[in-house]
Amino acid sequence: MTTTQEPTAGLDDLPYSVFARVCPSRGTLEHVTGRWGALTLGALYEGSLRFNELRRRVDGVSEKMLSQTLHALERDGLVHREAQPTNPPRVDYELTPLGRGVAERLLALIHFVEGSMDDVLAARERYDSARA
């Protein structure tokens, strides 16, 4: 008989649990998996970008939301911000080693979702037809 390992197997030994209301990991998970956080991390996986380059890459994000997202990801140690004393000032953003690890996992999910869109769209159509 074979057993399949649960995705959460071995996680009981960790000192943090996103399932606990007061666990600080929950906030980081929100920063990473929120729409703008995931897209920002994915965009920075390709390499260092300036603010406006990043804003163009993450189509639809406002300047305010991108700024808030970058601050949260920087605070969590996922993004490094480097300001260069030029005129005008130049600010570059890049992933930290921790951020690269998170982005790799996010990109695997993103690619899975993109590759499954035909199935998702068919499911939506079935759902909507059944409810019409």
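Here is a walk through the structure above, from the whole chain down to single residues. Keep in mind that this is a predicted model.

Let's start with the parts list. The protein chain has six helices and three strands. If you trace the chain from the N terminus, the elements come in the order α-α-β-α-α-β-β-α-α. How spread out is the protein chain? Its radius of gyration is 19 Å, while the globule rule gives 14 Å for 132 residues, so the chain is more spread out than a compact globule. You can also look at the C-alpha trace along its principal axes, where it spans about 65 × 45 × 30 Å.

What about inside and outside? Of the 132 residues in the protein chain, 25% are buried. The accessible surface adds up to about 9,900 Å², and carbon and sulfur atoms account for 53% of that. As for charge, there are 16 positive and 19 negative side chains, and the centres of these two sets are 6 Å apart. Contacts tell you how the chain folds back on itself: among those with a separation of 6 or more, 43% join residues 24 or more positions apart.

Now find the sheet. Strands of a sheet pair through backbone hydrogen bonds, and they can do this in a parallel or an antiparallel way. Here the three strands make an open sheet with antiparallel pairing, in the order β1-β3-β2. Why do β1 (49–50) and β2 (79–84) each have a side without a neighbour in the sheet? Both stand at the edges with a single partner strand, so one side of each is left free of a neighbour.

That partner is β3 (residues 90–95), which pairs with β1 over two bridges. In one of them, L49 has Y93 as its bridge partner; elsewhere along the strands, R50 stands opposite D92. On the β2 side, the antiparallel pairing with β3 runs over six bridges. Look for Y93 again here, because in the pairing of β2 with β3 it stands opposite R81. These two strands, β2 and β3, also form a hairpin, with five residues between them.

Finally, zoom in on one residue in a helix. T69 sits in helix α4, which covers residues 63–75. Is T69 buried or exposed? Its relative accessibility is 10%, and buried means under 20%, so T69 counts as buried. Which residues does T69 touch, once you set aside its neighbours within four places in sequence? The contacts are with W36, G37 and T40.

Technical notes. Residues numbered from 1 in each chain as written. Predicted model: local features only at pLDDT ≥ 70, side-chain atom pairs only at ≥ 80, totals over all residues. Heavy atoms only, no water. Helix = DSSP H or I, 4+ residues; strand = E, 2+ residues; numbered from the N terminus. Rg over C-alpha atoms; globule rule 2.2 N^0.38 Å. Buried < 20%, exposed > 50% of the residue type's maximum accessible area, 1.4 Å probe, protein only. Contact = heavy atoms within 4.5 Å. Areas by Shrake-Rupley, 256 points an atom, 1.4 Å probe, with all protein chains shown as cover. Lys, Arg positive; Asp, Glu negative; His and termini not counted. Charge placed at Lys NZ, Arg CZ, Asp CG, Glu CD. Pairing = 2+ DSSP bridges.
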